[in-house]
Structures are given as structure tokens and as C-alpha cells.
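Visitor: Please take a close look at one aromatic side chain in this model and its ring partner, then work outward from there to the rest of the chain. A plain account will do.

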Amino acid sequence: MGLVALFYYTLIILLVSIMTSAMCLSTFLVTHRKYLGFACIGFLFYFFDVALVFLDDFTVNSTGTMPESVYFIGSQVASIVTGCGLFTAFWLMVCDALDEQRRALQIAPAVVFVIASLAVYAFMPSGNTHLFVFYGMRTLYLLWIMVYIAVRYMGRSDALRERMWRHRIGYAGVLVLGAAVLIENVLFLFYIDPVLVESGAVPFFPERNFAENALMLWMAAFIGASCYKLLSIHFEKPPAEAEGRVGAFINAGLAGYAQHYGLSARETEVLRMVLEGKDNQNIAGELSLAASTVKVHVHNILKKTAQANRQELMRDFRKMS
């Protein structure tokens with residue numbers, strides 16, 4: 001009964017992974033936000049990562065040879081590929097969201113992960129410690145991402161901290177479940193007696209960490225909610241008619257950009273005119289506002305978007321839209 005439950009449980013994880021990947025792709029095609037493209041790739045890699053469970057079962061059943069240990073987890077080279085793709089996609093998603101432009105820093109974590117995992121696979125004696133260190137590389141990759149986010153949060157930009165604070169529940173969930181991944185690995189590999197598994201007292205030994213599955217489900221819910229909001233904005237506020245390609249481009253990305261940074265309706269109006277290249281005086285005339293009021297709105301927009309001036313604001317809008 002336990003194996004049947006595990007089979008359907010695995011199918012659910014696969015289904016959630018591929019559906020979340022498809023939702024991220026759909027939202028990326030509508031909004032052109034890079035981080036959603038990376039999220040799409042990440043969940044696609046996780047789909048194949050979980051599917052490796054079936055490959056291992058097929059290999060064992062087709063050969064008729066039972067593994068020497070209940071701790072057997074096959075396809076370690078394939079796991080390196082899927083693990084690297086998964087966590088690198090989410091690392092690049094964070095880099096894009098926090099505007100990390102250093103190419104070396106974007107690539108280095110993936111290179112370190114692959115080299116370290118291959119070294120453990122090739123040179124470390126097989127056994128529980130081998131598996132713990134091998135799959136611990138994933139936990140270390142996740143830890144690196146969370147440490148980077150914390151360092152950026154501790155930076156000097158108040159606007160960036162305010163923006164990141166809005167996602168504190170999502171970050172907290174990742175931290176808690178990331179710790180649970182490590183704890184579960186320790187328990188299953190070092191504290192649960194293999195005899196209990198072989199005797200059936202423990203109904204099955206999972207080839208994948210349940211806490212890791214919960215972590216991915218949490219991220220799927222978190223990113224899925226973001227996709228839903230973005231698609232709702234584009235559905236409820238479709239781009240208005242505009243003359244020329246520039247106007248159409250601004251209209252297509254304005255609602256999503258304003259929602260991302262928490263701009264008010266008036267700030268969104270001012271932002272549109274700033275992106276059109278109008279100065280404060282012209283904006284004041286068109287909106288029937290005092291020039292000083294427009295100046296305050298522009299200042300608030302720059303503060304919320306963490307941009308130093310109008311030129312950087314325009315570059316950020318082009319990048320996000």
C-alpha cells in the first residue's frame with residue numbers, strides 16, 4: 001500500500017512541476033519578464049529530476065537485481081544534470097530580480113556545484129556519507145542563494161529592501177523547508193535503522209526527499225500566485241490604444257511594472273509620461289497638477305523602483321517589460 005501511495009504521490013509532484021513550468025512560460029510570453037523564463041526552466045528540470053525515480057525502478061525491475069542497500073539511489077550523473085539545471089535556473093531568477101549583472105557571479109555557482117558533485121561521485125567511497133554529501137550539494141546551492149538574498153537585503157538601498165520585504169513569507173518558507181531537507185537527509189541516512197526498512201516497519205525508503213518536494217511545491221505556489229497576479233493585471237487592464245511602437249511598448253508593460261513596484265494609480269500616470277520623455281512641467285500641464293507635486297511623484301517613483309534618475313528608470317522599465 002505504501003508503494004502505491006508513493007507512486008501516486010510522485011505523479012502529483014510531476015503534474016505540479018509541469019503545470020507550474022507551463023504557467024511560467026505563458027506569463028513570460030505575455031510579460032517578457034526574464035525571471036519567469038528561468039522559473040519555467042527550473043520547474044522543467046525538476047520534472048525530469050523527479051522522473052528519475054521511475055528510471056531507477058525500471059532499471060532494478062528489468063535487471064531483476066535488487067540493490068545491495070536500501071539506501072540505493074541510482075542515476076547520480078543524471079541527478080547532477082537535473083540538480084544543476086534546477087538550482088541554476090532559480091539562481092539566475094534571483095539574479096534577474098535583484099539586477100545582478102556580474103557574469104562571473106552568475107555562472108560560478110553552477111560550475112562549483114558540478115565540479116564538487118562530480119568529485120564526490122567519482123572519488124568518495126559509496127555509503128551513507130557519500131549520499132549525504134552528494135545530495136548535500138543541493139542544500140549548499142540553496143544556502144548560497146539565500147545568503148546572497150540576505151546580503152542584498154542588508155545593502156544600502158531602502159527601496160530594494162522594501163521590495164524584498166514584500167516577499168518575506170516566501171523567503172521564510174524556503175528557509176524553513178531548506179532546513180527540513182537537511183534534517184530529513186540526516187534522519188534517513190544516519191538514524192533510521194536499515195533493518196526497519198527491510199522488515200517493513202518503515203513502509204518505504206523514499207528515493208527523493210519529501211522535504212525537497214514540499215520546498216518545490218511551496219515555490220510553485222509562490223511563483224504561481226505571482227503569475228496569476230500578472231496575468232490578471234493584463235486581463236483587467238489591457239493595453240490602451242497608442243500611437244507608434246514606443247507607445248504600444250509602454251502600454252504593454254506599464255501595468256505589470258507598476259504592480260511589481262507597488263506604484264499608485266497617480267504614480268503610474270506620471271510614470272507613463274516620464275517614459276514618453278516628458279518633463280515635469282509638461283506632465284503638470286497635462287494632469288492639471290502643480291509642478292512641485294509632479295516632482296514629488298517622480299521622486300517617489302524613483303525611490304520605489306530603486307533607480308537614481310530618469311535614464312536608469314527607463315532602462316529598468318525596458319528590462320522588466
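Guide: Phenylalanine 48 is partly exposed, at 48% relative accessibility. The model is a predicted one, and what follows is computed from its atoms.

The whole structure contains 13 aromatic pairs. In one of them, phenylalanine 48 is joined with phenylalanine 47: the ring centres are 5.4 Å apart, the planes are at 85 degrees, and the arrangement is edge-to-face. Phenylalanine 47 is also partly exposed, but its relative accessibility of 22% is not far above the 20% under which a residue would count as buried.

A second edge-to-face pair is made by phenylalanine 134 and tyrosine 135, with 4.9 Å between centres and 85 degrees between planes. Here both phenylalanine 134 and tyrosine 135 are buried. Rings can also group beyond pairs: Phe87, Phe113 and Tyr141 make up one aromatic cluster.

Several of these aromatic residues recur in a helix contact. Phe87 of helix 3 is part of the contact with helix 5, and so are Phe134, Tyr135 and Tyr141 of helix 5. Two packed helices are described by the angle between their axes and the distance between the axes. For helix 3 (residues 76-97) and helix 5, the angle is about 5 degrees and the distance is 10 Å. Because angles under 35 degrees count as roughly parallel, helix 3 and helix 5 are roughly parallel to each other. On the helix 3 side the contact also includes Gln76, Ile80, Phe90, Trp91 and Val94, and on the helix 5 side it includes His130, Leu142, Trp144, Tyr148 and Ile149. By class, this contact has 14 nonpolar residues, six polar and one charged.

Helix 5 spans residues 128-153 and holds threonine 139. Threonine 139 has a relative accessible area of 17% and is therefore buried, since the cut-off is 20%. Apart from residues up to four places away in sequence, threonine 139 touches Gly178, Val181 and Leu182. Valine 181 is 42 residues from threonine 139 in sequence, yet their C-alpha atoms are 7.5 Å apart.

Arginine 152 is in helix 5 as well. With a relative accessible area of 23%, arginine 152 is partly exposed. Its C-alpha lies 9.9 Å from that of glutamate 100, with the two positions 52 residues apart in sequence numbering.

Threonine 27 offers another buried site. It is in helix 1 (residues 2-31), and its relative accessible area is 0%, so threonine 27 is buried. Beyond its neighbours within four places in sequence, threonine 27 contacts His32 and Leu36, and also Cys227, Leu230 and Leu231.

A second helix contact has another geometry. The axes of helix 11 (residues 265-275) and helix 13 (residues 291-305) come within 10 Å and cross at roughly 90 degrees. Helix 11 and helix 13 are therefore roughly perpendicular. Helix 11 contributes Arg266, Glu267, Val270, Leu271 and Val274, which meet His297, Val298, Asn300, Ile301 and Lys304 of helix 13. Five of the residues in this contact are nonpolar, two are polar and three are charged.

In the loop between helix 13 and helix 14 (310-320) is alanine 306. Most residues other than glycine have a negative phi. Alanine 306 is not a glycine, yet its phi is positive, at about 60 degrees. Because its relative accessible area is 34%, alanine 306 is partly exposed.

As for the whole chain, the protein has 14 helices and zero strands. Of its 321 residues, 43% are buried. Among contacts between residues at least 6 apart in sequence, 72% join residues at least 24 apart; the contact of threonine 139 with Val181, at a separation of 42 residues, is of that kind.

Confidence varies along the chain. The mean pLDDT is 82, and 80% of residues reach 70 or more. Helix 4 (residues 103-123) has the highest mean, at 94, and helix 8 (residues 194-199) the lowest, at 61.

Terms used:
Residues numbered from 1 in each chain as written. Heavy atoms only, no water. Helix = DSSP H or I, 4+ residues; strand = E, 2+ residues; numbered from the N terminus. Buried < 20%, exposed > 50% of the residue type's maximum accessible area, 1.4 Å probe, protein only. Contact = heavy atoms within 4.5 Å. Axes fitted to C-alpha atoms, helices over the stretch in contact; angles between N-to-C directions. Parallel < 35°, antiparallel > 145°, perpendicular 65-115°, else oblique. Nonpolar A, V, L, I, M, F, W, Y, C, P; charged D, E, K, R; others polar. pLDDT = per-residue confidence, 0-100. Phe/Tyr/Trp six-rings, centres within 6.5 Å; stacked < 30°, edge-to-face > 60°.
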